[in-house]
Amino acid sequence: MSDGAEVTAAAIARLAGVGRAAVSNWRRRYTDFPRPVGGTETSPAFSLADVESWLRDHGKLAEAPLREQVRRRLESAPEGHGPALVRAGEHLAGLRELLNTDPVAEARGALDRMMRETGPAAAFEQLLADYFEANPRQYSLTPEPTAALMARLAGPGESVLDPACGSAELLAAAATGPADGSGGPGASGRPAALYGQETDPLLARLAALRLTLRTGSAAAGRCAVDVRTEDALRTEPPADAPLVAAVLCHPPYNERNWGHDELAYDPRWAYGLPARTESELAWVQHALARLRPGGTAVLLLPPAVAARRTGRRVRAALLRKGALRALLALPPGAAAPHSLPLHLWVLRKPDGAADAASRLLLMDASGGRADGAEPPPWERTAADMLAVWRAHEAGETVPEQSGVCATLPVIDLLDEEVDLSPARHLLPSGTGTDAAALASVRAELERTLRRTLDLTAADDPALPDRRSAAPGSTALPEATVGELARTGALEVHLATADAVTTAPGDVVIPVQGRGAAYVVAEGEGGARLGKPLCLLRPDPAALDAWFVAGFLRSTANTRQASSYASSSSRIDVRRLRLPRLPLERQRAYGERFRLLAEFEAALRRVGEVGEEFVQGMFDGLADGTVPPA
C-alpha cells in the first residue's frame with residue numbers, strides 16, 4: 001500500500017459510511033486517531049493506509065462495493081484523480097500493465113473484479129461518472145438522452161466527427177447506435193470511424209479510452225478511433241484529412257477569444273465571417289466544412305444564436321444556400337444551462353441537388369408556452385422530433401401543428417432580422433380563434449361565473465349570515481401539530497427527510513414561500529412529496545382533514561409558527577396550532593373550509609378562462625376568423 005495516498009475528512013466519512021460530523025467527533029474523542037499528514041488547518045489530509053488501519057481496528061470500516069473501493073484509490077492518487085483514471089482506463093483497455101510501484105496498482109484487484117462483473121466498457125463508464133460527479137463545476141456534459149437524439153437525427157454515416165468532443169458523450173452515442181441498428185450513423189447503426197478534437201489533454205485521453213472500450217465491445221466489432229488534443233477552430237486540418245458523413249457538436253458558448261482576428265480570411269467562412277460575439281456560428285461553419293457533400297451536422301446551441309442581430313447575415317446565407325434544414329427547440333433541462341430551451345440545428349452540406357431546401361422545418365418542444373402545461377416526457381419528445389425530421393428529410397408533407405411544428409418557405413424567413421426562433425413563427429396552440437372553440441370557452445366561463453355566484457348566495461353555508469354573526473369569539477383549547485403527532489392523531493412528513501407519496505385525505509402545506517394548505521382529493525394521490533412541502537396525514541378517527549387544512553391557513557397561526565431568515569420566512573409546522581374539538585364539530589368547520597376552497601378555485605378558474613376568452617377574441621378579430629359583429 002502506498003504511503004503517498006491521502007484522504008480528506010469527507011473521504012474518511014465515505015470509507016466508514018458515516019457523516020463528516022462523526023469523523024470530527026472521532027478526532028476529538030480518540031487520541032490514537034491518525035494525525036494529518038498534509039492539507040490545511042481547515043481541510044486536513046490523512047494517510048489512507050493509517051486511516052484504514054484505524055477504522056479496521058475500531059470496527060468502523062464499512063465494506064464498500066468494488067466501484068467505491070476503486071474510486072477511493074483513484075481519488076487519493078498523488079498525481080490526481082484524472083491522470084489516475086486514465087491509467088485505470090488503459091489497464092481496462094489492455095493498453096497498460098499496472099506496475100506494483102504505480103499507486104493505481106493498489107486498486108488493481110478491485111478493478112479486475114469490477115471488469116469481470118460488468119465488462120471493461122461499463123466499468124470505465126462508472127469510474128468516469130464518479131470523476132465527473134466529483135468535479136461538477138469543471139465540466140459541462142451532454143446528457144445521454146440528448147446525445148442519443150442528436151446521433152439519431154444525424155442519420156446513417158460511416159464516419160462521425162465531434163470537433164469539441166469533451167469526454168465524448170456524442171461520439172459514444174453515435175458509436176452505440178440504436179439497438180435495432182436503425183437510424184444511427186453507419187449502415188448497421190454504428191460508424192466505422194470516430195474522430196474527435198478537444199483542447200483539454202486529459203479530456204481528450206479520457207474520450208479516446210471511452211470510445212476504444214465502447215467500440216471494442218460492440219457487436220459490430222472495433223472501429224477506428226482518432227481523438228486529438230487540438231483547438232478545432234484554430235488548427236488547420238491536414239490536406240489529406242477525410243471529410244466525414246456526420247458531425248455532432250455541443251460547442252462552448254459565448255466565447256470571445258475563439259480566433260476571430262487570426263481567422264478572418266479562413267476558407268471555412270463560406271457563409272460569411274462570424275462576428276466576434278458569434279462563436280457558435282463559427283462552429284456551425286466549421287462543421288459544414290468538415291462534411292462531405294450531402295453529409296449532416298447536428299449542433300446543440302443556445303436559443304440566442306437563432307435571433308441575435310450580429311448573426312443575421314450568416315443565418316441568411318445558410319438559408320439561401322440550403323445548408324440549414326431544421327431548427328428544433330428542446331425543453332428546458334436538455335443540457336446545461338438547464339434553464340434554457342436549447343436549440344438543435346440540423347444542417348446538410350449542399351450537394352447540388354435542385355430545390356433540395358426550399359423550406360425550413362421549425363419545431364418547438366419547449367412545452368406549455370400557451371397554457372402553462374408541463375412538457376411531455378422526453379421519450380415522446382425525442383420520438384416526435386425524429387418522426388417529423390425524417391418526414392421532412394424524405395420530402396414528405398409535414399402536417400402543421402399549432403405551437404409545435406411547421407415547415408416554412410425559406411423566402412419568408414429572409415427578412416431584416418432573419419430571426420429563426422421557432423416560437424416566433426409558430427402560431428401558439430390553444431388560442432381558440434375558431435368560433436366553436438371560442439363558444440366552448442365562453443360556455444365554461446359562464447358556468448364558472450354562475451358557480452362563484454352560487455357559492456356567495458345568502459343561504460350558502462360557506463359564509464355566515466351577517467345578521468346572526470356573533471360580535472365576538474370564544475377562545476378554544478388548542479394543541480400543536482407536534483403534540484398531535486406524538487399522540488398519533490396525525491403523522492408529519494417532511495420532503496427533505498422522507499420519501500413519501502401523497503394519498504387522498506392528506507394535508508399538504510408549503511413550509512417556505514407562498515402557498516396555502518390543501519387537502520389531497522380522491523383520485524389525486526400518488527405524487528412524490530417535493531421541497532418545500534410538508535405532508536400531514538391525519539387519523540380520520542381523530543381529525544377531519546379539511547378542519548386541519550382550514551385552521552392551518554389562519555394568518556395568526558402561520559405568523560406565530562414562522563421563523564425569518566433574511567427576507568424569507570419558513571414555517572415550523574410542528575408549532576402550528578389546532579383547536580381541540582370533537583370530531584362532529586371539526587366536520588362542521590371542515591365543510592365550511594372545503595366550500596371556501598372550492599370558491600377560491602372557482603375564482604381562480606374564472607380568471608384563467610376569462611383571459612383565454614379575451615385573448616381568443618383578440619386573435620380571432622385580428623386574423624379574421626371572428627367578424628366584428
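Start at Asp506, where a polar atom of the side chain lies 2.7 Å from the backbone nitrogen of Ala503. Keep in mind as you look that this is a predicted model. Asp506 belongs to the loop between strand 14 (490-494) and strand 15 (507-510). Is Asp506 buried or exposed? Its relative accessible area is 2%, and buried means under 20%, so Asp506 counts as buried. Setting aside neighbours within four places in sequence, the residues in contact with Asp506 are Thr501, Tyr518, Val519, Val520, Leu535, Leu536 and Arg537.

Ala503 also leads you to Gly525. The two are 22 residues apart in sequence, yet their C-alpha atoms are 4.2 Å apart in space. Gly525 sits in the loop between strand 16 (518-519) and strand 17 (533-538). With neighbours within four places left out, Gly525 is in contact with Thr502, Ala503, Pro504 and Val520. Val520 is worth clicking on, since it turns up in the contacts of Gly525 and in those of Asp506. Gly525 is partly exposed, at 36% relative accessible area, whereas Asp506 is buried.

Now zoom out. The protein has 629 residues, and 45% of them count as buried. Its secondary structure comes to 20 helices and 20 strands. Take the contacts between residues at least 6 apart in sequence: 71% of these join residues at least 24 apart. On the outside, the accessible surface comes to about 31,500 Å², with 52% of it belonging to carbon and sulfur atoms.

A good element to trace next is an open sheet of 9 strands, with mixed pairing and the order 6-5-4-7-8-10-9-11-12. Strand 6 (224-229) and strand 12 (405-409) are at the edges, and each has a single partner strand, so one side of each has no neighbour in the sheet. From one strand to the next, the twist averages 15 degrees. Within this sheet, strand 7 (residues 244-249) and strand 8 (residues 291-301) run parallel and are joined by 5 bridges. If you want a particular pair to look at, Leu248 has Val298 in strand 8 as its bridge partner.

Helix 9 (residues 169-176) packs on the sheet, where it touches strand 4 (159-162), strand 5 (193-198) and strand 7. Its direction makes about 165 degrees with that of strand 4. How many of the residues of helix 9 are buried? The count is 7 of its 8, so the helix is mostly covered. The buried ones are Glu169, Leu170, Leu171, Ala172, Ala173, Ala174 and Ala175. They pack against helix 8 (144-154), strand 4, strand 5, helix 10 and strand 7. Helix 10 (residues 201-216), in turn, lies across strand 5 and strand 6, and it runs at about 175 degrees to strand 6.

What about the nonpolar residues? In soluble globular proteins, nonpolar side chains tend to be buried together. Here the largest nonpolar core has 46 residues, and the ones touching the most other members are Leu149, Leu153, Leu248, Val298, Leu300, Leu328 and Leu344. Leu248 and Val298, the bridge partners from before, are both in that group. Leu153 gives you a view from inside this core: leaving out neighbours within four places in sequence, it is in contact with Thr296, Val298, Leu328, Leu344, Met385, Leu386 and Trp389. Another core, of 42 residues, lies apart from the largest one, and its members include Leu288, Leu299, Val314 and Leu327.

Last, a few backbone oddities. Most residues other than glycine have a negative phi, and most peptide bonds are trans. Ala168 is not a glycine, but it has a positive phi of about 75 degrees. You'll find Ala168 in the loop between strand 4 and helix 9, and at 0% relative accessibility it counts as buried. Val418 is another non-glycine with a positive phi, of about 50 degrees. Val418 is in the loop between helix 14 (410-413) and helix 15 (422-425), and it is buried too, with a relative accessible area of 4%. As for peptide bonds, the one from Ala336 to Pro337 is cis, with omega near -5 degrees. Pro337 is in the loop between strand 9 (324-329) and strand 10 (343-348).

Technical notes: Residues are numbered from 1 along each chain as its sequence is written. This is a predicted model: local features need pLDDT of at least 70, side-chain atom pairs count only at pLDDT 80 or more; totals for chains, interfaces and linings use all residues. Side-chain values use heavy atoms; hydrogens and water are left out. Two strands pair if DSSP finds at least two bridges between them. Helices (H or I, at least four residues) and strands (E, at least two) are DSSP runs, numbered from the N terminus. Axes are lines fitted to C-alpha atoms, for helices over the stretch in contact, and angles run from 0 to 180 degrees between N-to-C directions. Contact means heavy atoms within 4.5 Å. Buried means under 20% relative accessible area, exposed over 50%, partly exposed in between (1.4 Å probe, protein chains only). A polar contact is a pair of N or O atoms within 3.5 Å; within protein, one must be able to donate a hydrogen and the other to accept it, and residues adjacent in sequence count only if both atoms are side-chain atoms. A nonpolar core is a set of buried Ala, Val, Leu, Ile, Met, Phe, Trp, Tyr and Cys residues joined through side-chain atoms within 4.5 Å. Accessible areas come from the Shrake-Rupley method with a 1.4 Å probe; for residues, only the protein chains shown count as cover.
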